Amino acid sequence: MSTSTENLEIFVGNLTSDTDVEKLTTLFGQAGTVVHAELITLWDTALRFGSVTMSTVEEVEKAIKKFDVYGLNGNYLSVSKYDPRKSQPDLPKRPLAFDSAFSLYVCNLTRETDPAKLEEIFSKYGKVKSVEFVTDSYGRSRGYGFVTMSSKTEMDDAIAALDRKLEMGSRTMHVAELPRNL
């Protein structure tokens, strides 16, 4: 029975801008043989994730166990099996945030952070129009999402007050303006 390459792929989310393919390969090499690794950046460095293909299913399981919620350069990785049925692993098809000029990308959140908590935090800087979380197939937070404010001033105030300044559990929240060129 042959194993398809799809069963050997791993999704790696919440990577920092200084992570390159060599670093990703070296890191996952601790769990076995890395057949292929690649990085995908959706805009600037705000959302970066990767794909790693291991040589055996056992190595995939070992890598997921070892590196899910693994601390790397100040971020905690989100590692799971790649789902080939999705066009992009664990990303929403088109969140409402992409339709607003006042949307923020929020990452490095703990799994315990919920939309109500984010709304409470961001409402100190203006009217929150929506909060959207990215979740895995079990409904657990992937550690990032989108918050839409009602004006540019409110959005800018939230970034200035919160980006890399608010500790949530053992993590420091990152907040960035969602680029309009998507």
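**Notebook: aromatic pairs and Thr19**

I looked up Phe146 and found a relative accessibility of 2%, so Phe146 counts as buried. I note that the model is a predicted one.

**Entry on Tyr105 and Phe146.** I checked the partner ring next: Tyr105 counts as buried, at 3% relative accessibility. The cut-off for buried is under 20% relative accessible area.

**Entry on ring pairs.** I searched the whole structure for aromatic pairs and obtained five. For Phe28 and Phe67 I recorded ring centres 4.8 Å apart and planes at 50 degrees, so I entered this pair as tilted. Phe28 belongs to helix α1 and Phe67 to helix α2 (residues 57–67), so the pair ties together parts 39 residues apart in sequence. I then read the accessibility of each ring residue: Phe28 is buried, at 0% relative accessible area, and Phe67 is buried, also at 0%. I returned to Tyr105 and Phe146, which form a tilted aromatic pair with 6.1 Å from centre to centre and 55 degrees between the planes. This pair joins distant parts of the chain, with Tyr105 in strand β7 (residues 103–107) and Phe146 in strand β9 (residues 141–149), 41 residues apart. I also noted a cluster in which ring pairs link Phe28, Phe67 and Tyr70.

**Entry on Thr19.** I located Thr19 in the loop between β1 (9–13) and α1 (21–28). Thr19 has 2% relative accessibility and therefore counts as buried. Leaving aside residues up to four places away in sequence, I listed its contacts as Leu24, Leu39, Arg48, Leu72 and Asn73. For Thr19 and Leu72 I recorded a C-alpha to C-alpha distance of 9.0 Å, with their positions 53 residues apart in sequence.

Terms used: Residues are numbered from 1 along each chain as its sequence is written. This is a predicted model: local features need pLDDT of at least 70, side-chain atom pairs count only at pLDDT 80 or more; totals for chains, interfaces and linings use all residues. Side-chain values use heavy atoms; hydrogens and water are left out. Helices (H or I, at least four residues) and strands (E, at least two) are DSSP runs, numbered from the N terminus. Buried means under 20% relative accessible area, exposed over 50%, partly exposed in between (1.4 Å probe, protein chains only). Contact means heavy atoms within 4.5 Å. Rings of Phe, Tyr and Trp (its six-membered ring) pair if their centres lie within 6.5 Å; planes under 30 degrees apart count as stacked, over 60 as edge-to-face and the rest as tilted.
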